[in-house]
Amino acid sequence: MIKNKKYDLIIVGGGVIGTFCAYHALLKNKSVLLLEKDAQPYEASFRNFGQAVPSGQRLDTWFEHGRRSLKIYKELQEELDISLVPNGSWYVASDDEELGLLEEMSELLNERDYKNRLYTATETSEINPHFKKDYVKGGLFLPDEASLNPLVMVHRVREYLIKSMGLHYQNLCPVIGVEKKRGIAMLTTANKKTYWADDVILANGRDTQFLFPEHYPSDELKVCKLQMMRLAPQKKILKSNILTGLTIRRYESFHSCPSYQKLSTKPEHAPFKKYGIHMLFKQADDGSIILGDSHEYAPVHKSANFGFEISREINELMLAEAKRITNLEKWDVDQTWAGYYLQGTESEVFTKTIDDVIHIINGIGGKGMTTSPGFTQNYIKNLYL
Ligand SMILES: Cc1cc2nc3c(=O)[nH]c(=O)nc-3n(C[C@H](O)[C@H](O)[C@H](O)COP(=O)(O)OP(=O)(O)OC[C@H]3O[C@@H](n4cnc5c(N)ncnc54)[C@H](O)[C@@H]3O)c2cc1C
């Protein structure tokens with residue numbers, strides 16, 4: 001790296017937001033430095049479920065960000081293997097109310113020219129023989145949606161940006177101070193280095209306590225803890241991302257369906273509601289099945305409220321619901337883990353500019369893998385208008 005070089009843009013945080021901000025700024029021929037505190041970043045962008053499902057997002061700009069993100073992922077996949085599998089998503093309804101929502105969603109997606117197809121219960125069960133017949137009331141298939149491997153995707157994109165697009169990258173580099181000095185931004189790091197840039201983007205995820213904590217108001221942001229698990233490798237049966245009844249009841253896009261307001265809550269949903277559980281399934285390349293997820297919330301800066309344990313009760317609830325839905329060959333749990341993200345209480349993302357040159361992007365919530373490439377494309381475009 002050139003000593004005392006001033007960059008056009010420095011980005012703090014090597015997750016999906018930071019990495020795709022770097023990508024779009026490099027496409028604009030900006031000089032970019034990405035700083036990451038850990039040896040290998042391993043926060044939300046690496047612990048997630050890895051589904052890119054625009055159909056689950058609010059049917060406004062976020063659906064469009066998701067759609068554009070899929071396009072960007074597909075273009076990158078042609079250039080390098082970012083682990084994208086365009087295997088589509090299946091929503092499976094377990095009762096008539098959920099089926100009604102799928103029918104309405106199909107119409108809303110048709111209005112947006114977004115490929116989808118409704119299937120009867122019999123057809124859904126024939127195509128997905130691993131589902132329990134008494135669970136399935138019908139399905140909606142989105143052929144253009146995709147799955148990514150979160151353990152590799154961002155790492156591969158970053159390596160590509162370094163090798164082919166001139167990104168400067170520094171890991172093991174916690175940024176501990178950012179200020180505006182002489183009209184530009186000055187960053188200091190824990191290893192006593194100083195960097196300069198015209199603009200700084202803080203995409204530092206849940207670690208908000210070190211840089212401008214006062215700019216993350218607790219009425220605008222909360223932190224979410226999610227639990228996930230991986231079942232033992234088994235015969236390949238799942239071809240697509242599978243989203244189930246509780247997901248239909250939870251995902252933002254379904255709030256636009258006319259029947260959503262009339263949706264009843266059944267007593268058996270109560271324990272799942274308590275922990276924000278909805279069931280997603282996918283099968284990884286090695287045959288292991290990934291199951292998720294739960295959602296618990298605490299005020300921003302108060303992740304300590306969660307404790308440090310993985311809750312056995314939550315895992316057992318998820319497994320019980322998964323067993324009600326599918327016949328799997330093996331139910332041995334090989335891994336279980338927690339991930340965290342920040343989420344806006346009202347807004348879909350939290351952005352703020354301090355002193356003209358320091359820009360916060362955070363609180364994208366549970367849609368960062370689906371929408372970040374498209375959202376950051378817009379953000380960078382507006383930054384360099
Ligand atoms: C379990 C789970 C499942 C999910 N499933 C999905 C899904 O299927 N589809 C979907 O669309 N979204 C999903 N999400 C949401 C998605 O993962 C997040 O929205 C996204 O990863 C947030 O990205 P980020 O870049 O903001 O944050 P992060 O990935 O948390 O990145 C922030 C980075 O900043 C670094 N950092 C922090 N402070 C500093 C500092 N001072 N100096 C230098 N570096 C710093 C951190 O080390 C970290 O690498 C899921 C999330 C979780 C946790």
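Me: What do the buried residues of α6 pack against?

Reply: In this predicted model, the buried residues of α6 pack against α1, β2 (32–35), α2, α3 (61–79), β8 (168–170) and α10. The residues in question are Met153, Val154, His155, Val157, Arg158, Tyr160 and Leu161. Each of them counts as buried because its relative accessible area is under 20%.

Me: How do you know that the span of helix α6 fits its number of residues?

Reply: Helix α6 covers residues 153–165, which is 13 residues. The expected span is 1.5 Å times one less than the number of residues, and for α6 that comes to 18 Å. From first C-alpha to last, α6 reaches 17 Å, so the two values are close. Just after α6, Gly166 takes a positive phi of about 80°.

Me: And how do you know that the span of α1 fits?

Reply: By the same kind of check: α1 has 12 residues, the expected span is 16 Å, and the reach from its first C-alpha to its last is 16 Å. After the helix comes Asn29, with a positive phi of about 65°.

Me: What makes α1 "mostly covered"?

Reply: The count does: 11 of its 12 residues are buried. They are Val16, Ile17, Gly18, Thr19, Phe20, Cys21, Ala22, Tyr23, His24, Ala25 and Leu26.

Me: Why is Ile17 called buried?

Reply: Ile17 has a relative accessibility of 9%. The cut-off for buried is under 20%, so Ile17 qualifies. Ile17 belongs to helix α1 (residues 16–27). Leaving out residues up to four places away in sequence, Ile17 touches Ala203, Ile361, Ile364, Ser372 and Thr376. As for Pro174, 157 residues away along the chain, its C-alpha is 17 Å from that of Ile17.

Me: How do you know that the 16 residues of helix α4 span what they should?

Reply: At 1.5 Å a residue, α4 (residues 96–111) should span 22 Å, and its end C-alpha atoms are 23 Å apart, so the values agree. The buried residues of α4 are Glu98, Leu99, Gly100, Leu101, Leu102, Glu104, Met105, Ser106, Leu108 and Leu109. Their cover includes α3, β4, β5 (117–120), β6 (138–142) and α7 (245–250).

Me: What makes Asp95 a cap for α4?

Reply: A side-chain oxygen of Asp95 lies 3.1 Å from the backbone nitrogen of Glu97, at the N-terminal end of the helix. The cut-off for a polar contact is 3.5 Å, so that pair passes. Following α4 there's Asp113, whose phi is positive, near 55°.

Me: Why does Asn87 count as buried?

Reply: Asn87 sits at 17% relative accessibility; buried means under 20%, so Asn87 makes the cut. Its place is in the loop between α3 and β4 (89–93). Its side chain reaches the backbone oxygen of Lys239 at 3.1 Å. With neighbours within four places in sequence set aside, Asn87 is in contact with Phe141, Glu145, Ala146, Ser147, Lys239, Ser240 and Asn241.

Me: Why is Asp38 called buried?

Reply: Its relative accessible area is 17%, and the limit is under 20%, so Asp38 is buried. Asp38 is found in the loop between β2 and α2. Beyond the residues up to four places away, Asp38 touches Asn171 and Leu172.

Me: What makes the pairing of Asp38 and Lys37 a polar contact?

Reply: Their side chains come to 2.7 Å, inside the 3.5 Å limit. Residues adjacent in sequence count only if both atoms are side-chain atoms, and here the contact does join side chains.

Me: Which residues have a polar backbone atom 3.0 Å from the ligand?

Reply: Lys37 has one at 3.0 Å from a ligand nitrogen, and Gly368 has one at 3.0 Å from a ligand oxygen. A backbone N or O atom of Gly366 also lies 3.0 Å from a nitrogen atom of the ligand. Of the 1,000 Å² of accessible area that the ligand has on its own, the protein covers 98%.

Me: What makes up the shell around the ligand?

Reply: By type, the shell has 18 nonpolar, 14 polar and 7 charged residues. In total 39 residues surround the ligand, the closest being Glu36, Ser45, Gln51, Gly365 and Thr370. At least two shell residues come from each of α1, α2 (44–47), β12 (221–231), β17 (333–344) and α10 (368–383).

Methods:
Residues numbered from 1 in each chain as written. Predicted model: local features only at pLDDT ≥ 70, side-chain atom pairs only at ≥ 80, totals over all residues. Heavy atoms only, no water. Helix = DSSP H or I, 4+ residues; strand = E, 2+ residues; numbered from the N terminus. Buried < 20%, exposed > 50% of the residue type's maximum accessible area, 1.4 Å probe, protein only. Contact = heavy atoms within 4.5 Å. Near = heavy atom within 4 Å. Polar contact = N/O pair within 3.5 Å; in protein donor to acceptor, adjacent residues only side chain to side chain. Areas by Shrake-Rupley, 256 points an atom, 1.4 Å probe, with all protein chains shown as cover. Nonpolar A, V, L, I, M, F, W, Y, C, P; charged D, E, K, R; others polar.
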